[in-house]
Amino acid sequence: MRGLAARGSGGMRAAWAKDALAGLTLASMNIPQVLGYTRIAVMPAVTGLYTVLLPLVAFAVLGSSRHLVVAADSATAAIFSSALAPMAAPGSPHYVALVGMLTLLCAGFLLVARLFRLGFLADFFSRTVLVGFLAGVGVQVGIAMSRDMLGVAAPAHDPLLQLVQVARALPRAQGLTAAISALVAAILLAGDRLAPRAPLAMVAVIGGIAASRAFGLAGRGVAVIGPIAGGLPAFGVPDVSWNEAIGLLPAAMSCVFVVIAQSAATARAFALRFHDALDENADILGLSAANAAAALSGAFVVNGSPTQTAMAVRAGARSQRAQIVFALATLLVLLMLTGPLRDLPRCVLAAIVFTVAIGMIDWRAMWAIRRESPGEFRLAMMTAAAVVGIGVEQGIFLAIALSLFRHVRHSYRPHTMVLRQDPETGQLEPAPVTADGQIAPGLVAYRFGADLFYANCARFTDDVHLLVDHAPVPVRCLVVDASAITDIDFSAAGALRDLLAELRGRGVSVLFGRVSPYLRADMERHRIIAAEDPHANFASLHPALAAAREIVRAGAEGGAPART
């Protein structure tokens with residue numbers, strides 16, 4: 001027993017040591033990145049460090065994911081920076097206060113989402129449109145970073161206008177700035193392939209600071225970060241008027257949609273990889289606490305970051321202990337190491353964020369979507385184009401709309417078929433709906449591949465009319481295979497009652513096979529069973545077919561019903 005305890009404690013110490021090393025590695029790679037995200041958020045550089053201080057600890061305590069890294073994120077930063085730019089001068093104290101209040105509103109919305117157990121909302125983002133959305137954000141952020149990478153002015157907020165302004169300013173690009181940017185981006189992109197665990201971002205930052213001091217880059221026209229306030233953040237509630245807070249609600253809601261969807265998708269992916277349990281609603285509570293901590297400590301909206309989570313896993317992190325070590329490393333930087341950061345060239349940070357933006361474009365996933373489902377690939381591209389062309393916020397709502405549209409489209413035009421007897425095997429096989437689709441003379445078995453609702457009930461009635469009106473032999477009995485129907489709404493119930501009454505008047509019996517308890521309850525509630533023979537509903541298909549054959553046989557012996 002003592003030996004087992006010793007081995008257990010040794011394993012625990014090894015796990016702690018592994019997570020601690022992963023946390024330090026993560027800090028070396030991500031501290032430069034969160035400084036870069038402040039350029040997207042148009043916030044003071046030190047606020048990027050604040051996003052990986054208390055918010056990390058808050059999520060580690062309350063969240064369920066063992067791997068999710070919660071920190072500054074380019075998508076949410078792009079949303080609120082574009083929304084707040086007309087309300088205050090970017091980077092001004094009033095702008096910072098507005099960002100803080102928006103972050104606090106996000107925390108409140110996330111808490112409400114947790115209370116109402118809205119973790120399921122993430123399911124409304126299909127992976128297809130999420131890939132397109134993140135690709136669009138990556139392109140938008142890449143365009144925004146190109147300004148600092150080239151040392152040119154492009155003040156427009158619209159990505160396409162920014163691109164035009166950057167293109168026009170190319171002849172005036174600062175040559176040394178562009179060369180440094182190209183070198184850093186090349187090193188990071190190559191290193192991502194050749195040495196993915198190496199802290200190359202931190203090496204780029206240290207090298208940039210050293211080169212700036214040694215060669216006086218600021219005096220050669222290369223813009224630097226400038227002074228960064230050190231020490232602990234000042235705690236307090238952002239000072240914003242009531243009307244301004246109301247004006248922030250749409251942008252806060254947009255951020256919350258991204259936070260829930262992106263965090264849930266990232267947490268799920270890594271939970272599946274490591275076979276971990278996951279509670280999405282607990283993660284929402286952790287995200288709410290993390291954003292509250294960010295707002296009260298002078299930071300901005302934090303989100304579950306796919307790129308930073310992947311970096312943590314590559315570094316060897318297997319629990320939130322690594323994120324605690326990351327936060328402690330950030331605290332050390334805030335207390336002792338902010339001075340050297342003032343000489344860091346902005347183009348170095350821009351190049352780092354540019355490579356992160358490129359990484360947000362999942363080329364493999366896009367190629368797989370294009371190869372397997374060209375229609376879904378077009379949806380992904382539409383989402384990406386909307387993000388770049390009309391904005392991140394609008395792209396989010398388009399992504400939701402496209403996800404829902406894709407689902408409704410499948411339900412609106414479901415697969416329908418008839419069952420026909422294979423002449424060789426004698427087994428029932430599905431076939432397209434055609435007028436001659438009978439199992440036996442006078443008997444049709446029809447399958448509808450979705451729930452019946454207001455938008456697709458016409459498809460159901462049209463198919464039935466085709467099978468009955470144009471049959472080569474008068475139909476005596478129609479069997480509906482209801483295996484895919486679990487719900488009938490009010491409109492569809494009315495259409496189904498009318499159809500059954502019409503068929504009954506024409507001497508056509510209708511039986512339902514594979515009726516689930518849910519469907520039976522709906523049929524009783526909508527008086528469909530009362531309108532039809534209560535014994536015409538079967539839990540299985542074959543008893544329904546057997547009863548239908550008896551009806552056809554009895555009708556044939558008693559004479560054919562008149563056709564209308």
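In helix 14, the residues Ala322, Gln323, Val325, Phe326, Ala327, Ala329, Thr330, Val333 and Leu334 are buried. The model in which they sit is a predicted one. Helix 14 covers residues 321–336, and its 16 residues should span 22 Å at 1.5 Å a residue. The C-alpha atoms at its two ends are 23 Å apart, which agrees.

A second helix can be read in the same manner. Helix 20 is made of 13 residues, 457–469, for which a rise of 1.5 Å a residue predicts a span of 18 Å. Its end C-alpha atoms are 18 Å apart, in agreement with that value. Which residues of helix 20 are buried? They are Cys457, Phe460, Thr461, Asp463, Val464, Leu467 and Val468. Seen down the axis of helix 20, these buried residues fall within an arc of 160 degrees, so they line one face of the helix. There is a general background to such a pattern: an α-helix has 3.6 residues a turn, so residues three or four places apart point the same way.

What do the buried residues of helix 20 pack against? Their partners are strand 3 (416–421), strand 5 (443–448), strand 6 (477–481) and helix 21 (490–505). Helix 20 lies across strand 3, strand 5 and strand 6, and runs at about 160 degrees to strand 5.

These strands belong to a sheet. The sheet is open and has five strands in the order 4-3-5-6-7, with mixed pairing. Strand 4 (428–431) and strand 7 (509–513) are at the edges; each has a single partner strand, so one side of each is left without a neighbour in the sheet. On average, neighbouring strands of this sheet are turned by 30 degrees against each other, direction ignored.

The pairings can be followed from strand 4 across to strand 7. Strand 3 and strand 4 run antiparallel and are joined by four bridges. Arginine 420 has glutamate 429, in strand 4, as its bridge partner. The hairpin of strand 3 and strand 4 has six residues between the strands, and glycine 426 in this hairpin takes a positive phi near 75 degrees. Strand 3 also pairs with strand 5, in the antiparallel sense and over three bridges. Here threonine 416 stands opposite phenylalanine 448 of strand 5. At the other end of the order, strand 6 and strand 7 run parallel, with five bridges joining them. Valine 479 stands opposite leucine 511 in strand 7.

Aromatic rings give another view of the chain. A pair of aromatic rings is described by the distance of the centres and the angle of the planes. The count for this model comes to five aromatic pairs. In one of them, phenylalanine 80 and phenylalanine 300 have ring centres 5.8 Å apart and planes at 55 degrees, so the pair is tilted. This pair links distant parts of the chain, as its members are 220 residues apart. Phenylalanine 80 is in helix 4 (residues 74–84), while phenylalanine 300 is in the loop between helix 12 (280–296) and strand 2 (302–304). Are these two rings on buried or exposed residues? Phenylalanine 80 is buried, with a relative accessible area of 0%, and phenylalanine 300 is buried with a value of 0%.

Phenylalanine 453 and tyrosine 454 form an edge-to-face pair, with 5.4 Å from centre to centre and 85 degrees between the planes. Phenylalanine 453 is buried, with a relative accessible area of 17%, whereas tyrosine 454 counts as exposed at 59%. Ring pairs also link Tyr446, Phe448 and Phe460 into a cluster. Of the residues in this cluster, Phe460 is one of the buried residues of helix 20, and Phe448 is the residue that threonine 416 stands opposite.

A last residue lies elsewhere in the model. Proline 227 is in the loop between helix 9 (200–215) and helix 10 (242–247). Proline 227 is exposed, with a relative accessible area of 79%. From C-alpha to C-alpha, proline 227 and aspartate 481 are 72 Å apart in space, and they are separated by 254 residues in sequence.

Note on methods
Residues numbered from 1 in each chain as written. Predicted model: local features only at pLDDT ≥ 70, side-chain atom pairs only at ≥ 80, totals over all residues. Heavy atoms only, no water. Expected span 1.5 Å × (residues − 1). Buried < 20%, exposed > 50% of the residue type's maximum accessible area, 1.4 Å probe, protein only. Arc of directions from axis to C-beta. Contact = heavy atoms within 4.5 Å. Pairing = 2+ DSSP bridges. Axes fitted to C-alpha atoms, helices over the stretch in contact; angles between N-to-C directions. Phe/Tyr/Trp six-rings, centres within 6.5 Å; stacked < 30°, edge-to-face > 60°.
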